[in-house]
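Grab a pencil and have the model open beside you. Below are some short exercises, each with a worked solution.

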Amino acid sequence: MNKLEKKAVRKLKKEFEKLSQEHQHKAAFYVDKQDENNYMWDFEIDDKRYKWTYVYKTGIIVKH
């Protein structure tokens, strides 16, 4: 895992930890996706799908 990937995972994890403990335990994760510009977490809580993307260039997390 390169430096950018490690930073992306660290930032996404920090944001995920802001969710309630109950939601964190219910989360069902799918395969992480990445390319040269982004790192994405895809997970589901209570039948609702979440896709969070860390953008390497800007350092922000986009939630969609």
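**Exercise 1.** Which residues does Arg49 touch, not counting residues up to four places away in sequence?

*Solution.* Before you start, note that this is a predicted model: local features need pLDDT of at least 70, side-chain atom pairs count only at pLDDT 80 or more, and totals for chains, interfaces and linings use all residues. Residues are numbered from 1 along each chain as its sequence is written, and side-chain values use heavy atoms, with hydrogens and water left out.

Step 1: find Arg49 in strand 4. Strands here are DSSP runs of E with at least two residues, helices are runs of H or I with at least four, and both are numbered from the N terminus.

Step 2: look for contacts, meaning heavy atoms within 4.5 Å. Arg49 touches Tyr30, Asp42, Phe43 and Glu44.

Step 3: check the cover. Arg49 has a relative accessible area of 42%, so it counts as partly exposed; buried means under 20%, exposed over 50%, and partly exposed in between (1.4 Å probe, protein chains only).

Step 4: look further away. Lys3 sits 46 residues from Arg49 along the chain, and their C-alpha atoms are 28 Å apart.

**Exercise 2.** Work out the order of the elements in the protein chain.

*Solution.* Step 1: count them, and you get two helices and five strands.

Step 2: walk from the N terminus, reading α-α-β-β-β-β-β.

**Exercise 3.** Trace the strand pairing, using the rule that two strands pair if DSSP finds at least two bridges between them.

*Solution.* Step 1: begin with strand 3 (residues 38–45), where six of the eight residues are buried.

Step 2: add strand 1 (residues 28–29), which runs antiparallel to strand 3 and is joined to it by two bridges. Here Ala28 stands opposite Glu44.

Step 3: bring in strand 2 (residues 33–34), also antiparallel to strand 3, with two bridges. Gln34 has Tyr39 as its bridge partner, and a hairpin of three residues links strand 2 to strand 3.

Step 4: move to strand 4 (residues 48–55), which pairs with strand 3 over eight bridges in the antiparallel sense. Asn38 faces Val55 across that pair.

Step 5: finish with strand 5 (residues 60–63), held to strand 4 by four antiparallel bridges. Val55 turns up again, this time opposite Ile60.

**Exercise 4.** Which residues take a positive phi in the hairpins of strand 3 with strand 4 and of strand 4 with strand 5?

*Solution.* Step 1: the hairpin of strand 3 and strand 4 has two residues between the strands, and Asp46 takes a positive phi near 50 degrees.

Step 2: between strand 4 and strand 5 there are four residues, and Gly59 in the turn has a positive phi of about 75 degrees.

**Exercise 5.** How does the radius of gyration of the protein chain sit against the globule rule?

*Solution.* Step 1: apply the rule, 2.2 Å times the number of residues to the power 0.38, with the radius taken over C-alpha atoms.

Step 2: for 64 residues a compact globule would come out near 11 Å, and the protein chain has 12 Å, so the two agree.

Step 3: add the box, roughly 30 × 20 × 15 Å for the C-alpha atoms along the principal axes.

Step 4: put in the burial, with 28% of the 64 residues buried.
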